[in-house]
Amino acid sequence: MQMQTEIRKIIILGGGTAGWLTASIIASEHMLDQESMVVNVTLIESPNVSTIGVGEGTWPSMRTTLKRIGVKETDFFRKCSASFKQGTQFFSWTNKHEQSYAHPFTLPNNFAKTNLVRPWQDLKTDIPFAEAVCPQLPIFARHLAPKQISTPEYAGHLNYGYHLDAGKFADLLRHHATEALGVVHISEHVISVNNKENGDIKSLTTSTNEITGDLFIDCSGMQSMLLGNHFGIPLLDKHQYLFNDSALAAQVSYEDENHPIESCTRSTAQKAGWIWDIGLQTRRGAGYVYSSSHTSDEKAYDELLEYIGETSTNINLDSISPKKITFQPGHRTVFWHRNCVAIGMSAGFIEPLEASALVLVELSASVIADQLPNDRNHMDIVAKRFNKNFRRRWDSIIDFLKLHYVLTDREDSIYWRENKDASTIPESLADSLAHWKFHPPWHEDNIYANEMFPAASYQYVLYGMGFNTQSLRSTKTAKQRWSGVASQCFENNNQQSRKLCSILPTNRELINKIYSQGMHTI
Amino acid sequence: MPDYRLLTSTEHLDHCVIAEKSYAMGDGMMHVMVFPPEFRAVQHHFPIFFAKDPETGSFYPTALLGLEQDENLFLESHGWGAHYLPMMMERSPFFISFQSSIEGEKRPVVSIDMDSARVTKNKGIRLFQDSGEPSKYLQDVVKKLEAIHKGHQHNKDFASALLELELLESCNVEVGLEDGSQRKLTGFYALNEDKLHKLDGESLSSLHSNNFLHSIYMCLASYSRISTLVEKKNFLIRAKNKQFVSEKEVAN
């Protein structure tokens, strides 16, 4: 019997955020103990390819990831122009709600045990759902931080992720991966990909070297050099569900250095898409994501500049020069093929409506780090599971993003009307919507482990956008069951919200303190 | 609202200060900041933990005086119930503030909180003699203020040395009382003895050269003083029950 070679040498192609994050996660799991180093991680990046640098919003999962790879939160704030992201606020996504609705990161009060949707509906109150159940909304309005300077690193009074400067983040990760985690960095252009007899990748040839490996991770971005180009794994187009395929990204400087920093991403719906607006330490990032079949670049440019003009004071619009990005919404039919796995945009890309790009990188790299194949035979099993796992994650992301479009009552353009057309709605989402008409989203909806979005996220979007779940037929017993608990939850939320407003500093105040004092790990 | 004024013999010649400690004078604090130079005296009476300044997030050593918010078990009917009074309590109602000189240099000056209940015109200890010379009491207070001024830097250095070696950990102190109730103290930090014992010679020698090693062992020794707090609390519980019983007897 032939001996199976162990998986020891991992080659990562591409040095953007995806590449360096992947390298850091795998290395922190397998290379920290230099003495017994069994796995070697090498990252090859081309010196003449510029990174795209989109993906300035993260999920709360990034806290766990940064802690895992050993980056101090204080350093992260100081080096990445980072700010706190506590959720997303959606403007103009419906007609009747001229005011916005929010998808905060903090779960509804007592969410493990109590579903507050029906009690909230029974109240027939003017208070929006998210505000009635989650203490984070008044925090958004006051530009407050989710923690105090005395709160330990990566802990918070409220759940949070980050807004960050993607270029600076990649720099921080590169330094950390090479200096603290022992990742080998090769800055050379890859000229060719060489196969083994069995069809696996054997090595990558650069201008001066041939680099062999056991597992190749493709982080080469949209060009997908290994999985797409070399192996010819096709992209599964998702354009029929999510129309957006273009973006204009701009940087907007603050009027002065004390300008308040927003606590959440602001997403404002437009004629043929939506505009993101992210507050970093020294500037905002704003961009229009749109469908090229529903508007022209020129019109999109005008709409973006109009938005920037309306949301800024004393700004010279001539100084704004948006960068155009085009993408095909979709993902590869498989992500792991033979001894090659794609992470990041090489695996797929979809509009950043719920900032799902970086979290998929974190999840993919974590699976590789935690379930590293032992040998080549074992790799096929891990690959099969990986493909199944991430196919489901992509499907649920597409469902959840599409949910934002199907609930609108906007009729003011073809874009919005087509978005509600039944032929553009995935079957799984149509089924869920039909179910939610009678039962609000709840834990048992999440029939798989590691669900992408908790039931809370569906609740925030559905009831934020005015969805109606029918009352129970057996109202009396049900009302008796929840009335006491629910009113206690609403009251607790109210109290918690007031308390937090009185103790939390503004984002700007806390970030200034992070520079002057730093945070502690305990 | 505190009303800080620069202390001068002309302005405050006739003023007196009530030095006795009591709840009425605002001494009902659960813990008070202490400084390494007073650790030897402090550890004899109070447990020394670490707390975080909510404004800056920095750590400082603090003597535990009570088992719940706004409780100071050392405020007894006859006065202060220990043989040592931490400097931060002794200095009340005085503070150090900074005044810029003509050259732009900042120098420490003594201020007084005129809003404090301690400050009177007829009761307590005089601050100045008729001649305008500071009284013995004021001279002592000024010495304490100077020690506190130096102590802040000392605390900062001490805490950063401990943090660098990861010798501090968040701790939850839980104590049971005679009436069956429990008190849980949160938001305090203590020394991690396991980590201390595993320190290499180089780290120990560096701690020793700054005299921090001495302070560390003073803190460790102080933990047994939690029992003093529990005793005092149990005594109060017993007294309260007795009063309740005797009131009942009178009623019968």
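How many helices and strands are there in chain B? In the predicted model described here, chain B contains 7 helices together with 13 strands. The C-alpha trace of this chain, taken along its principal axes, spans about 70 × 55 × 30 Å. Chain B comprises 252 residues, of which 25% count as buried. When the contacts in chain B between residues at least 6 apart in sequence are considered, 70% of them are found to join residues at least 24 apart.

Chain B also touches chain A, in a contact that takes 11 residues from chain B and 7 residues from chain A. On the side of chain B that touches chain A, the element that gives the most is strand β12 of chain B, spanning residues 168-176, which supplies 3 residues. In terms of residue character, this side of chain B divides into 4 nonpolar, 4 polar and 3 charged residues.

Turning to chain A, the assignment divides the chain into domain 1, made up of the segments 9-56, 165-238 and 329-394, and domain 2, which covers 246-326. The centres of domain 1 of chain A and domain 2 of chain A, taken over C-alpha atoms, are separated by 31 Å. The contact between these two domains takes 7 residues from domain 1 of chain A and 8 residues from domain 2 of chain A. On the side of domain 1 of chain A that touches domain 2 of chain A, 4 residues are nonpolar and 3 are charged, whereas no polar residue is present.

Within chain A, strand β1 (residues 9-13) was examined further with respect to burial and pairing. Of the 5 residues of β1(A), 4 are buried, with a residue counted as buried if 20 or more other C-beta atoms lie within 10 Å of its own; the strand is therefore largely enclosed by the rest of the structure. Strand β1(A) runs parallel to strand β2 of chain A (residues 40-45), to which it is joined by 5 bridges, and within this pairing A:Ile12 has A:Leu43 of β2(A) as its bridge partner. A parallel pairing is also formed between β1(A) and strand β11 of chain A (residues 215-218), in this case over 4 bridges, and here A:Ile12 stands opposite A:Ile217 in β11(A). Residue A:Ile12 of chain A is thus matched with A:Leu43 in β2(A) and with A:Ile217 in β11(A). In a regular strand, the side chains alternate between the two faces of the sheet.

Methods. Residues numbered from 1 in each chain as written. Chains lettered and ligands numbered in written order. Predicted model: local features only at pLDDT ≥ 70, side-chain atom pairs only at ≥ 80, totals over all residues. Domains from an automatic or database assignment. Nonpolar A, V, L, I, M, F, W, Y, C, P; charged D, E, K, R; others polar. Helix = DSSP H or I, 4+ residues; strand = E, 2+ residues; numbered from the N terminus. Buried ≥ 20, exposed ≤ 12 C-beta atoms within 10 Å, placed from the backbone. Pairing = 2+ DSSP bridges.
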